[in-house]
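Student: Could you walk me through this one while I have it open on the screen?
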Amino acid sequence: MTIRAIITGTTGMVGEGVLLECLRHPDVEQVLIVNRKPGGVSHPKLREIIHGDFFDLTPIEHELSGYNACFFCLGVSSVGMSNEEYKHDI
C-alpha cells in the first residue's frame, strides 16, 4: 500500500520528526505539508502549502483530496503566554 500523507506543523519538533520519517519511508509516495510559515525542506516527495488560518481551510480545501493519511502536529508553545492567549474557543 502506498501512502500519501498530509502533515501540519512541520516547523515544530514533533512535526519535523514525522516529516523526516515519512520522507525516508519507501511506502510513502507523496507528502503534503501545511504550515503557517515556510518549512525550508526540499525533497522530491514533498509539496508545501503556507496557510495562516487553520480554523478555515476553505481556501485550500481542493488541494487536500487524494491523501490517505494525516498527521496533525500543529501547535504553539505555551511558554510566556497567559491562559487566555493560549486558549482559543471555537
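Student: Which residue in β2 does Ile 7 stand opposite?
Tutor: In this predicted model, Ile 7 stands opposite Ile 33 of β2. Their strands, β1 with residues 3–8 and β2 with residues 28–35, pair in the parallel sense, and the pairing runs over six bridges.
Student: And what does the chain pass through from β1 to β2?
Tutor: Between β1 and β2 the chain goes through helix α1, residues 13–24, and the resulting β-α-β crossover is right-handed.
Student: OK, what about β4, in which sense does β4 pair with β1?
Tutor: Strand β4, which covers residues 69–72, pairs with β1 in the parallel sense over four bridges, and within β4 it is Cys 70 that serves as the bridge partner of Ile 6.
Student: Switching to rings, how many aromatic pairs are there in the whole structure?
Tutor: A search of the whole structure turns up zero aromatic pairs. There is, however, a contact of another kind to look at, since Arg 4 lies over the face of Tyr 67, at 4.9 Å from the ring centre.
Student: Where is Ser 65 found, and is Ser 65 buried or exposed?
Tutor: Ser 65 sits in the loop that links β3, residues 46–50, to β4. Ser 65 counts as exposed because its relative accessible area is 53%, and the cut-off for exposed is over 50%.
Student: How far apart are the C-alpha atoms of Ser 65 and Ile 6?
Tutor: The C-alpha atoms of Ser 65 and Ile 6 are separated by 9.7 Å, while along the chain these two residues are 59 residues apart.

How values were computed. Residues numbered from 1 in each chain as written. Predicted model: local features only at pLDDT ≥ 70, side-chain atom pairs only at ≥ 80, totals over all residues. Heavy atoms only, no water. Pairing = 2+ DSSP bridges. Helix = DSSP H or I, 4+ residues; strand = E, 2+ residues; numbered from the N terminus. Right-handed = clockwise from strand over helix to strand, strands pointing away. Phe/Tyr/Trp six-rings, centres within 6.5 Å; stacked < 30°, edge-to-face > 60°. Lys NZ or Arg CZ within 6 Å of the ring centre and 35° of its normal. Buried < 20%, exposed > 50% of the residue type's maximum accessible area, 1.4 Å probe, protein only.
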